[in-house]
Amino acid sequence: MAITTLESLVSQVLASGHFFKKTKVMVLEWATRARSRTLVSTLGNICKEVARAAIQTPALVVIGDVVGMSADHDWRGKLPFVHRRVVSFSPRYTLNDLMPFQRLGAELFVLPGFRLVRLPISDHFLSVLAQADDLIFSSQPAIDCFFEGLFKKKGDARSLAGKRVIVVGAQTAKALNHWGIQADVIPEDTAGQAGLLAHIESTLAGRSTVFFAAEEASDALGRGILAAGGGFKRIDLYRMVAQPITFEPQPVDLYLVSSARQVDVLKQFCLMRGPRCVAIGPKTAAVLAEAGFHRVAVAQKQSIQGLLEAALTLD
């Protein structure tokens, strides 16, 4: 790497006769990461200054007049999340899902705060499915576990024929598309199960609904469906089990908290209560406040875009 051979590199460049000891040189450490540092000096002094600043690999070395243009083209330095570490514990979001934060300069970490445990599929799975008018899926894992269970019981996509398929959120709809199924109802990502119920409650009377969810999911949706005159059954397909996190990035600037259960993981992971957090909704924000996290923004939409918009409101 350039830093380990810097003295040799400088000697060769000076020996070429094209550059001089006063020629500008820039060293860029960890170029696109939150920990990135930039050191500008001259060929005559760069080795001493790199040693003094303890610059380490990986690093880029830029030599010549182009160094003077760095301030004019520092578009990355103007991004709102530049030099900030953003951490998510959610099993729902991958690094690819969170790319909007990276495009605004953030260094992303998705840490495995939970592991998914699949629950046994009931022998009555296919008969319950056959009697249903509406199928509601709460999350991407619910979609995946449903189809795995369906195939295990010798069913297939024909089992969904004639049924109204409803999902909680756009991310769940996207997961459903992966299995070749289009959702019939996709409420806006504004209020989770409450928003979904408000969207469909006028159509529920006399219909039988099956809700596929995590074991720890709220019962509010079922109560609302029964109150609206519909039939309701719930099949828990998986549970999320908290697990210790062994990797700890250097100081974190922002935590994305997409469920109340993640607050327990956050409390174990973060000894200080000062870091900023973005909560997926009011319930999660309230749990964060009870745990001592007070610099919290609340997403108005239960989506990546909602989390991003809320994060931009924090100081």
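**A lined cavity, an aromatic cluster and a parallel sheet**

Phe81, Arg84, Val86, Leu254, Arg276, Ala311 and Leu314 line the largest cavity of this predicted model. A handy way to picture such a feature is to roll a probe the size of a water molecule over the atoms, which shows where empty space is left. One cavity of 30 Å³ or more is found in the structure, and the largest cavity encloses about 40 Å³ of space. Its lining is made up of five nonpolar residues and two charged ones, with no polar residue. Readers who wish to find the charged pair in the viewer can look for Arg84 and Arg276, both among the lining residues.

Attention turns next to the aromatic residues. A pair of aromatic rings is described by the distance of the centres and the angle of the planes. Across the whole structure, 12 aromatic pairs are found. In one of them, the ring centres of phenylalanine 137 and phenylalanine 212 lie 5.1 Å apart and the planes meet at 15°; because this angle is under 30 degrees, the pair counts as stacked. This pair links distant parts of the chain, with phenylalanine 137 in strand β7 (residues 134-137) and phenylalanine 212 in strand β9 (residues 208-214), 75 residues apart. Phenylalanine 137 and phenylalanine 212 are both buried.

Phenylalanine 146 and phenylalanine 147 offer another geometry: their ring centres are 5.0 Å apart and their planes stand at 85°, so the pair is edge-to-face, the term used for angles over 60 degrees. Phenylalanine 146 and phenylalanine 147 are likewise buried. These four phenylalanines belong to a cluster, joined by ring pairs, that also takes in Phe125, Phe151 and Trp179.

The last feature described here is a sheet. Strands of a sheet pair through backbone hydrogen bonds, either parallel or antiparallel. In this model, five strands form an open sheet with parallel pairing, and reading across gives the order β5-β4-β11-β12-β13. Strands β5 (107-110) and β13 (296-298) are the edges, each pairing on one side only. From one strand to the next, the twist averages 20°.

The contact at the β13 edge can be followed residue by residue. Strand β12 (residues 276-279) runs parallel to β13 and is joined to β13 by three bridges. Within this pairing, valine 278 has alanine 297 of β13 as its bridge partner. Strand β12 also offers a link back to the cavity, since its residue range opens at position 276, and Arg276 is one of the residues lining the largest cavity.

Terms used. Residues numbered from 1 in each chain as written. Predicted model: local features only at pLDDT ≥ 70, side-chain atom pairs only at ≥ 80, totals over all residues. Heavy atoms only, no water. 1 Å grid on protein atoms, 1.4 Å probe; cavity = no way out; pocket = protein on both sides within 12 Å on 5 of 7 lines; lining within 4 Å. Points joined across faces, edges and corners; volume = space filled by probe spheres on them. Phe/Tyr/Trp six-rings, centres within 6.5 Å; stacked < 30°, edge-to-face > 60°. Helix = DSSP H or I, 4+ residues; strand = E, 2+ residues; numbered from the N terminus. Buried < 20%, exposed > 50% of the residue type's maximum accessible area, 1.4 Å probe, protein only. Pairing = 2+ DSSP bridges. Axes fitted to C-alpha atoms, helices over the stretch in contact; angles between N-to-C directions.
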